[in-house]
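Thank you for making the time this morning. I would like to walk you through the links between side chains in one protein chain, so please have a look at the sequence and the structure before I go on.

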Amino acid sequence: MPKYYEDKEEDTRACSGIREDFKACLLQHDCVVKEGKLPSECLKEGHCKALQTSFFECKRSMLDNRSRFRGRKGY
């Protein structure tokens, strides 16, 4: 789940929880922190794959007409 702070502005965009977790996963991964690589390079190596897939599914569900009844995937 996303980390909540008292002073933080609320993000009302779709898939904001997954977006925040995906960003935190990439920026705190050893690939970025210790090796000094770019987050895009670490994605190509396959790090944080589960969150990347969840974020993709959430964004894709926004275009799906069935989501009007089922709701968006993700949190």
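Let me begin with a question: is C42 buried or exposed? In this model, which is a predicted one, C42 has a relative accessible area of 1%, and because the limit for buried is set at under 20%, C42 counts as buried.

The partner of C42 is C31, and the two form a disulfide in which the sulfur atoms lie 2.0 Å apart. The torsion about their S-S bond is -90 degrees, and the link is left-handed. Since C31 lies in helix α2, residues 30-33, while C42 lies in helix α3, this pair ties together parts that are eleven residues apart in sequence. C31, like its partner, is buried, with a relative accessible area of 2%.

How many disulfides does the count come to? The count comes to three, so let me turn to the other pairs, C25 with C48 and C15 with C58.

In the pair of C25 and C48, the sulfur atoms are 1.9 Å apart, and with -90 degrees about the S-S bond this link is left-handed. C25 sits in helix α1, whereas C48 sits in the loop between α3, residues 39-45, and α4, so the disulfide ties together parts that are 23 residues apart in sequence. The two ends of this link fall into separate classes of accessibility, for C25 is partly exposed, at 24% relative accessible area, while C48 is buried, at 11%.

The disulfide between C15 and C58 has an S to S distance of 1.8 Å, and because the torsion about its S-S bond is about -95 degrees, it is left-handed. Here C15 belongs to the segment before α1, which spans 16-28, and C58 belongs to helix α4, so the parts tied together are 43 residues apart in sequence. Both of these cysteines are buried.

If you number the bonded cysteines of the protein chain in sequence order, the pairing reads 1-6, 2-5, 3-4.

Now I would like to move from disulfides to charged side chains. Side chains of opposite charge can pair when their charged atoms come close. A search of the whole structure finds three salt bridges, and I will take them one by one.

Where in the structure do E57 and R60 lie? Both are in helix α4, residues 49-61, and they are three residues apart, which is about one turn of the helix. Their side chains meet in a salt bridge, with 3.0 Å from N to O. E57 is partly exposed, at 21% relative accessibility, and R60 is also partly exposed, with a relative accessible area of 45%.

Which residues are joined into one network by salt bridges that share partners? They are E35, K37 and E45. On one side, E35 forms a salt bridge with K37, and the closest N and O atoms there are 3.4 Å apart; on the other, the side chains of K37 and E45 meet at 2.5 Å, N to O. As for accessibility, E35 counts as exposed, at 52%, K37 counts as partly exposed, at 28%, and E45 is partly exposed as well, with a relative accessible area of 43%.

To return to the helices for a moment, α4 takes part in both halves of this talk, since C58 lies in helix α4 and so do E57 and R60.

Definitions and conventions:
Residues numbered from 1 in each chain as written. Predicted model: local features only at pLDDT ≥ 70, side-chain atom pairs only at ≥ 80, totals over all residues. Heavy atoms only, no water. Salt bridge = Lys/Arg side-chain N within 4 Å of Asp/Glu carboxyl O. Buried < 20%, exposed > 50% of the residue type's maximum accessible area, 1.4 Å probe, protein only. Helix = DSSP H or I, 4+ residues; strand = E, 2+ residues; numbered from the N terminus. Disulfide = S-S within 2.5 Å.
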